[in-house]
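Grab a pencil and open the structure viewer. Below are a few exercises, each with a solution worked out step by step.

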Amino acid sequence: LPWTSRQASQPEPMPQPAMPMARVGAGLRAALRRARPEAQHGLADEAAVRPEAPLGDHAMAVATDRQQGAGARATFQTGYSADNITSTMESISGSHRLSRDQEISYSVTNERGNRSNALRLLPDSTTLNFADSTLLQASTFQFNYRWRNLRAKIAYMEETTALSDAPYSVQMRDIILGSTYDAKVSDKVSLILGINHADQLPWYYVNTTEPNLLATNTNNQRTSGRAILSCKPTDWLTGRIGMQGFYQRSTFSLRGTGEVFNLNGSRTAAMTDGAVFGELVLAGKPGRITGSYRVEDNDLAGNFAAPQLAYTKVFGPVNVKLLWGRSFKLPTVMNLNYGPMGAPLLSEYATTKEAELGVKLGKTASLTMNAYETRIKDPIVYVFDPTTLDGYRNGISTGTHGLDARFDWETKRTTVMAGFGANEPLSGAATPEGSMSD
């Protein structure tokens with residue numbers, strides 16, 4: 001996508017239920033009681049430790065009607081590990097064509113249980129059971145409607161998570177309304193316009209009467225818009241330019257508590273953000289070259305840029321891809337509010353290099369191999385210190401590199417897929433959020 005590369009800062013991605021976890025270490029339980037990682041656009045802290053999801057049983061029922069352009073699916077999935085049931089999820093989704101110009105689609109999911117039953121040995125020789133800190137109840141609903149070139153959507157997501165043995169739960173909720181209009185200006189020019197509004201509870205303490213926790217509850221309202229103009233003057237050249245912006249207002253929910261933002265000494269803090277981007281695609285016999293550049297300005301965090309360059313080529317049964325890109329993650333309002341005293345909180349930058357080679361093995365099989373490296377500079381991490389309590393700071397540069405391989409074999413009635421992946425931290429990389437002192 002032209003906005004940035006894979007680690008990009010997305011001013012408003014589609015939120016999905018996510019569960020924040022504190023860092024693994026001897027001081028974990030104390031940190032969980034005081035942790036308040038701010039959600040990134042309605043999502044939990046991306047630097048959080050996430051235990052591996054268990055393998056689960058999966059059942060699915062599908063009904064379709066090709067003539068009417070309709071289809072529906074119901075799924076049930078559960079998992080079992082460490083002698084206990086893990087999370088169980090049910091979902092129903094479908095789409096129906098009402099007429100030549102109208103169609104609807106929908107999705108409903110419900111998930112409950114433990115995300116993981118894994119046991120971890122902490123540095124002080126005590127055992128941490130992730131089942132104690134991953135209990136959740138999550139529900140989502142989304143409805144989409146299309147009339148000709150106009151699309152509208154409404155989405156609702158709510159997740160309640162119990163954090164270890166802390167005497168409270170945390171709730172995250174998103175309500176999103178949006179619409180998109182696709183206009184074909186001419187045979188070679190098209191225009192996309194979109195607007196969204198979201199009401200969010202990014203990190204909300206519930207099931208507790210502790211006044212200090214309730215006083216820190218906040219709610220966000222965010223309105224965003226975008227415009228993208230695409231042009232294809234020739235068969236070998238395609239260009240896109242666009243702009244995107246949002247306005248966010250964060251407010252402490254309870255009145256009379258005296259809780260104010262450190263940013264401005266007020267009960268409410270606002271953030272305004274604007275971005276422009278451009279993309280060019282050159283396609284011909286030598287291959288396909290894609291270059292893009294995004295510039296973003298945030299009134300609280302500063303100015304940022306994200307370039308990307310990619311090359312792809314098909315040589316008979318062989319395909320090649322090379323990619324280099326730089327992206328950024330903006331600090332949120334709460335990142336900045338609980339940032340280091342007397343020093344700025346910088347945005348984190350990620351630089352990604354990637355190379356891929358694919359080979360078709362006959363008419364039904366293919367083998368793809370991928371090598372990558374991602375290096376993150378100034379990562380935004382959540383920390384807990386007995387003196388300064390909790391907050392956010394920029395960590396030491398970190399990253400990973402690795403290899404992936406995938407084999408696919410597909411016929412009319414059978415599909416077989418197999419994959420292998422291996423990765424390790426970069427030399428000299430550090431993860432300061434991985435351990436904490438007693």
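**Rings, strands and charges**

F252 is buried, and F261 is buried too (buried means under 20% relative accessible area, exposed over 50%, partly exposed in between, with a 1.4 Å probe and protein chains only). Before you start, keep in mind that this is a predicted model, where local features need pLDDT of at least 70, side-chain atom pairs count only at pLDDT 80 or more, and totals for chains, interfaces and linings use all residues. Residues are numbered from 1 along each chain as its sequence is written, and side-chain values use heavy atoms, with hydrogens and water left out.

**Exercise 1. Find how many aromatic pairs there are, and look at the one formed by Y168 and Y205.**

Step 1: Start with the rule. Rings of Phe, Tyr and Trp (its six-membered ring) pair if their centres lie within 6.5 Å; planes under 30 degrees apart count as stacked, over 60 as edge-to-face and the rest as tilted.

Step 2: Count. That rule gives six aromatic pairs.

Step 3: Check the geometry. Y168 and Y205 are edge-to-face, at 5.0 Å centre to centre with 90 degrees between the planes.

Step 4: Place the two rings. Y168 is in the loop between β8 (150-162) and β9 (169-184), while Y205 is in strand β10 (residues 189-206), so the pair ties together parts 37 residues apart in sequence. Strands here are DSSP runs (E, at least two residues), numbered from the N terminus.

Step 5: Look at the surroundings. Y168 and Y205 are both buried, and together with W203 they form one aromatic cluster.

**Exercise 2. Work out how strand β3 pairs with β2 and β4.**

Step 1: Recall that two strands pair if DSSP finds at least two bridges between them.

Step 2: Take β2 (residues 70-81) and β3 (residues 84-97). They run antiparallel and are joined by ten bridges, with A74 opposite I92 in β3.

Step 3: Look at the turn. β2 and β3 make a hairpin with two residues between them, and A82 in that turn has a positive phi of about 50 degrees.

Step 4: Go to the other partner. β3 pairs with β4 (residues 102-114) in the antiparallel sense, over ten bridges, and H96 stands opposite I104 in β4. This hairpin goes from β3 to β4 through four residues.

**Exercise 3. Track down the salt bridges of R148, R146 and R294.**

Step 1: Use the cut-off: a side-chain nitrogen of Lys or Arg within 4 Å of a carboxyl oxygen of Asp or Glu. Searching the whole structure turns up nine salt bridges.

Step 2: Try R148. Its side chain meets that of D101 at 3.5 Å, N to O. The pair links distant parts of the chain, with R148 in the loop between β7 (135-147) and β8, D101 in the loop between β3 and β4, 47 residues apart. R148 is partly exposed at 48% relative accessibility, and D101 is partly exposed at 27%.

Step 3: Try R146. The side chains of R146 and E103 meet at 3.0 Å, N to O. Because R146 lies in strand β7 and E103 in strand β4, this pair ties together parts 43 residues apart in sequence. R146 counts as buried at 12%, but E103 is partly exposed at 28%.

Step 4: Finish with R294. R294 bridges to E296, with the closest N and O atoms 2.8 Å apart. R294 is buried at 0% relative accessibility, and E296 is buried at 1%.
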